[in-house]
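Reader: I would like to learn how to read a protein structure one feature at a time. Could you show me the general idea behind each feature and then the case in front of us?

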Amino acid sequence: HNSLCIVVIRIKAWEKIVEHYLFCLPVGEQTTGEFIFSKLDKLMENENLSWSKYVAVTTDSAAAMMGKQKGATARIKEKSQNCTFLHCCLHQEALAAKKLNTCCNDQKNELE
C-alpha cells in the first residue's frame, strides 16, 4: 500500500483558530523519516514558514515518523525544540477497531 503525508496547519487568525490544508504528498511504500522530513523541510522553505513556530505534530506513530534518531519527529525536534508529538486519534481508532475485530472473532470461534 502507498502512504501519504498530509500536512494541515492550524493558526490563530482574527481571534480564532483557522485550519489550512497545505499539501498531500504520496510517499510510497519504503518511506524513511529522512525522506519525509526532507519533503516537509522543503515545503517549509517554499511556503516561508518557520520551524520555530511548530507547536505540535500529529502522526500515525509509524517507525519512520517516531524513530528517536532518524524519524521525522526527531528531525523536527532539532528544528523546533518545544514541539510536542501526538498520536493521531483516527489512527488510534483504527488500531482499536482492528483489535476489537480480532477479539470478537476469537470469542465467536469459542462459541462455535
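Author: Let us start with a single residue and its exposure. At 71% relative accessibility, Asn 48 counts as exposed, because exposed means over 50%. Please keep in mind throughout that this is a predicted model.

Reader: Where does Asn 48 lie in the chain, and what is unusual about its phi?

Author: Asn 48 lies in the loop between H1 and E3, and its phi is positive, at about 55°, although the residue is not a glycine. Glu 15 can be read in the same manner: its phi is positive as well, at about 65°, and Glu 15 is not a glycine either. Glu 15 belongs to the loop between strand E1 (3–13) and strand E2 (16–28), and with a relative accessible area of 70% it is exposed.

Reader: How many helices and strands are there in the protein chain, and in what pattern do they follow along the sequence?

Author: The protein chain has 4 helices and 4 strands, and when it is read along the sequence they come in the pattern β-β-α-β-α-α-β-α. Of its 112 residues, 26% are buried. If we take the contacts between residues at least 6 apart in sequence, 45% of them join residues at least 24 apart.

Reader: How should I think about the buried part, and which residues of the largest nonpolar core touch the most other members?

Author: In soluble globular proteins, nonpolar side chains tend to be buried together. Here the largest nonpolar core has 18 residues, and those that touch the most other members are Cys 5, Ile 36, Leu 40, Trp 51, Tyr 54 and Ile 76. At least two residues of this core are supplied by each of E1, E2, H1, helix H2 (63–66) and H3, while the largest share, 5 residues, comes from H1.

Reader: Which residues does Ile 76 touch, not counting residues up to four places away in sequence?

Author: Leaving out residues up to four places away in sequence, Ile 76 touches Phe 37, Leu 40, Trp 51, Tyr 54, Val 57, Cys 83 and Phe 85.

Reader: Several of those names carry aromatic rings, so how many aromatic pairs does the structure hold?

Author: The structure holds 2 aromatic pairs. In one of them, Phe 37 and Trp 51 are stacked, with 5.4 Å from centre to centre and 25° between the planes. This pair links distant parts of the chain, since Phe 37 is in helix H1 (residues 33–46) and Trp 51 is in the loop between H1 and strand E3 (56–59), 14 residues apart. Both Phe 37 and Trp 51 are buried.

Reader: Why is the pair of Trp 51 and Tyr 54 called tilted?

Author: The ring centres of Trp 51 and Tyr 54 are 4.6 Å apart and their planes stand at 45°, so the pair is tilted; stacked would need planes under 30 degrees apart, and edge-to-face would need over 60. Trp 51 and Tyr 54 are both buried, and ring pairs link Phe 37, Trp 51 and Tyr 54 into a cluster.

Reader: How do I describe two helices that pack against each other, and at what angle do H1 and H3 pack?

Author: Two packed helices are described by the angle between their axes and the distance between the axes. For H1 and H3 the angle is about 45° and the axes are 8 Å apart, and the two helices are therefore oblique to each other. In their contact, Gly 33, Glu 34, Ile 36, Phe 37, Leu 40 and Asp 41 of H1 meet Ala 72, Arg 75, Ile 76 and Lys 79 of H3. These residues divide into 5 nonpolar, 1 polar and 4 charged.

Reader: Is Thr 73 buried or exposed, and which residues does it touch?

Author: Thr 73, which lies in helix H3 (residues 72–79), is buried, because its relative accessible area is 6%. Not counting residues up to four places away in sequence, Thr 73 touches Thr 59, Met 65, Met 66, Gly 67 and Phe 85. Thr 59 is found in strand E3 and is buried, with a relative accessible area of 5%. Apart from neighbours within four places in sequence, the contacts of Thr 59 are Met 65, Met 66, Thr 73, Leu 86, His 87 and Cys 88.

Methods: Residues numbered from 1 in each chain as written. Predicted model: local features only at pLDDT ≥ 70, side-chain atom pairs only at ≥ 80, totals over all residues. Heavy atoms only, no water. Phe/Tyr/Trp six-rings, centres within 6.5 Å; stacked < 30°, edge-to-face > 60°. Buried < 20%, exposed > 50% of the residue type's maximum accessible area, 1.4 Å probe, protein only. Contact = heavy atoms within 4.5 Å. Axes fitted to C-alpha atoms, helices over the stretch in contact; angles between N-to-C directions. Parallel < 35°, antiparallel > 145°, perpendicular 65-115°, else oblique. Nonpolar A, V, L, I, M, F, W, Y, C, P; charged D, E, K, R; others polar. Core = buried A, V, L, I, M, F, W, Y, C linked by side-chain atoms within 4.5 Å.
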